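Thanks for coming, everyone. I'd like to walk you through a model this morning, so please have the viewer open. Here it comes.

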Protein chains: 2
Amino acid sequence: MACKLQQVGFLGFDVFGTVVDWRAGVARAAAPFLERYDIELDPCAFANAWRALYQPSMETVRTGQRPWTRLDILQRENLERLLGAHGVAVDDIPEQDLAELTRAWEKLDPWPDAVAGLTRLKRRFAIAPISNGHIAGMLKLARFGGLPWDAILGAEIAHSYKPQPATYLKSLEAAGFEPGQAAMVAAHNGDLRAARALGMRTVFVRRPHEYGPDQSTDLEAEEDWDVVADSLEEVAGVLGCA
Amino acid sequence: MACKLQQVGFLGFDVFGTVVDWRAGVARAAAPFLERYDIELDPCAFANAWRALYQPSMETVRTGQRPWTRLDILQRENLERLLGAHGVAVDDIPEQDLAELTRAWEKLDPWPDAVAGLTRLKRRFAIAPISNGHIAGMLKLARFGGLPWDAILGAEIAHSYKPQPATYLKSLEAAGFEPGQAAMVAAHNGDLRAARALGMRTVFVRRPHEYGPDQSTDLEAEEDWDVVADSLEEVAGVLGCA
């Protein structure tokens, strides 16, 4: 099979949703917590509600309302906000339990195709997260799930959150690749739009159940991305890395 | 075998000299260059002379004489300085040849025990360079030699060169480990002294031929480092990761 993306030597990956299933992992960690504190919320709904606070919290950094703040700090704040909104007296919950639940974001299973797909892609390309996650979180996710990254780039390298250009550009600069020598791999059209605007190539991976059975966004490619696939193994096949 | 360093979850590695053989690799790249430009220097002596400019050039950054500058820039400047000192008219050499020779530092063979040792150590520990090399250089070295890092940390993360404390401390902070949960692995006593002063554990790997047959420094452990070994495979054995 002919090799697509011939000029590309580096693949940057979105991670939450594209490589790992955050919803199932967060729900798994939340279930005993919700039970212990008698919070009447379905664990999957809880995961979605927590995730819903993710973009607004990063937006305060993007707009300069607050200085650079790592994602683990934002996730912890969002957890407290979410619990408060459901009438939970957060101050009564031991610090250790809140910290442990926040670490759920570091213990997420890769999608079933992810490790095999990344392993094949790594034969041809340098691979690294360009995620909004912080380095320690990405490192722990990698060790938890066996993700074979060559390096960890992304928001903490750039002190900037996607889709701001700096997150992509500073990551690529650190890796030593021009935008035209790199592709962004993501399950989110917005991520790819931002990457394409900077000159990166684009790989869309459909993850129609990232948000659960009722997902309504990112079900399909919204532009003519360079590659569109249903799994990272399919991406590896299309890119001639079988 | 009992596990040593029970509290340790992260190993930070010096790379040039400890993991890869810079002298042979730089000499290999220099040989055709020296021949082409009629420079009467032994390739190994050339490699050592280039390396000898490494510490003084970083010192200008450490002291604040100049702002943060990546190692590839320093190496290129040092190359021009070295050639000039041998009467070479650097301006007459095509840019492409100078750039290509500078990239020798990204194409260095791992010591024979390095990949096997790192692979075994990775089963128990998170592993990453805490090197003075820049991220792109470390990434290219990793792909050239098959070094299975979990992440790439070090000088560029910290904007500071070892043995300055920030290089170690900011790398560990990015990785999510306290100094007491981490060990530094190096063939250089000075590197380990700096790491120990910050509370890190220490692993000394003897590389008595790093500088060639006449090496006079770092032949032996100069303090009671936590582990002293002759190879990374021996380190893996001592740390119970067989």
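**A walk through the two chains**

Let me start in a loop of chain B: Pro163(B) sits between helix H8 (155-158) and H9 of that chain. Before I say what is special there, please keep in mind that this is a predicted model.

So, what kind of peptide bond joins Lys162(B) and Pro163(B)? The bond is cis, with omega at about 5°. Chain A has a cis bond to show you as well, from Lys162(A) to Pro163(A), with omega near 5°. Pro163(A) lies in the loop that runs from H8 to helix H9 (165-175) of chain A. As a reminder for those who don't look at backbones every day, most peptide bonds are trans, and most residues other than glycine have a negative phi.

That second half of the reminder brings me to Asp38(A). This residue is not a glycine, yet its phi is positive, at about 55°. To find Asp38(A) on your screen, look in the loop of chain A between helix H1 (22-36) and helix H2 (43-52).

Now let's zoom out and see how the two chains fit together. How is chain B laid on chain A? A turn of 180° with a shift of 0.0 Å along the axis does it, and the RMSD is 0.0 Å. The two copies are thus related as by a two-fold rotation axis. If you would like a landmark for that axis, take Ala151(B): of the residues of chain B, this one comes closest, with its C-alpha at 2.3 Å.

Next, the interface itself. On the chain B side there are 14 residues in contact with 14 residues of chain A. Two helices of chain B, H7 (135-145) and H9 (165-175), each supply at least two residues of the side that touches chain A. Of everything on that side, H7(B) gives the most, with six residues. And what is the make-up of this side of chain B by class? There are nine nonpolar residues, one polar and four charged.

There is a nice point about symmetry here too. 100% of the interface residues of chain B are also interface residues in chain A, so the copies meet through the same surface.

Let's move inside chain A. The chain is divided into two domains: domain 1 covers 10-21 + 108-238, and domain 2 covers 24-106. Taken over C-alpha atoms, the centres of these two domains of chain A are separated by 23 Å. How many residues of chain A make the contact between them? Domain 1 brings 18 residues, in contact with 13 residues of domain 2.

Which helices supply the domain 1 side in chain A? Helix H7 (135-145) and helix H8 (155-158) of chain A each supply at least two residues that face domain 2 in this way. The largest share of the domain 1 side, four residues, comes from H7(A). By class, this side of domain 1 of chain A has seven nonpolar, seven polar and four charged residues.

My last stop is a helix pair. In chain A, the axes of helix H3 (residues 54-62) and helix H4 (residues 71-85) come within 10 Å and cross at roughly 125°. H3(A) and H4(A) are therefore oblique to each other. As for the hand, H3(A) passes H4(A) in a right-handed crossing. From H3(A), the contact is made by Tyr54(A), Ser57(A) and Met58(A), and from H4(A) by Leu74(A), Glu77(A) and Asn78(A). Those residues of the H3(A) and H4(A) contact divide into three nonpolar, two polar and one charged.

Chain B has its own H3 and H4 to look at. The axes of helix H3 (residues 54-62) and helix H4 (residues 71-85) of chain B come within 10 Å, crossing at roughly 125°. That makes H3(B) oblique to H4(B), and the crossing of H3(B) past H4(B) is right-handed. Here the contact is made by Tyr54(B), Ser57(B) and Met58(B) of H3(B), with Leu74(B), Glu77(B) and Asn78(B) of H4(B).

That's my tour, and I'm happy to go back to any part of it.

Terms used. Residues are numbered from 1 along each chain as its sequence is written. Chains are lettered from A and ligands numbered from 1 in the order in which they are written. This is a predicted model: local features need pLDDT of at least 70, side-chain atom pairs count only at pLDDT 80 or more; totals for chains, interfaces and linings use all residues. Two residues are in contact if their C-beta atoms, placed from the backbone, lie within 7 Å. Ala, Val, Leu, Ile, Met, Phe, Trp, Tyr, Cys and Pro count as nonpolar, Asp, Glu, Lys and Arg as charged, and the others, Gly among them, as polar. Copies are superposed by least squares on the C-alpha atoms of residues with pLDDT of at least 70 in both. Domain bounds come from an automatic or database domain assignment. Axes are lines fitted to C-alpha atoms, for helices over the stretch in contact, and angles run from 0 to 180 degrees between N-to-C directions. Angles under 35 degrees count as roughly parallel, over 145 as roughly antiparallel, 65 to 115 as roughly perpendicular and the rest as oblique. A crossing is left-handed if the near helix is turned anticlockwise from the far one by less than a right angle, and right-handed if clockwise.
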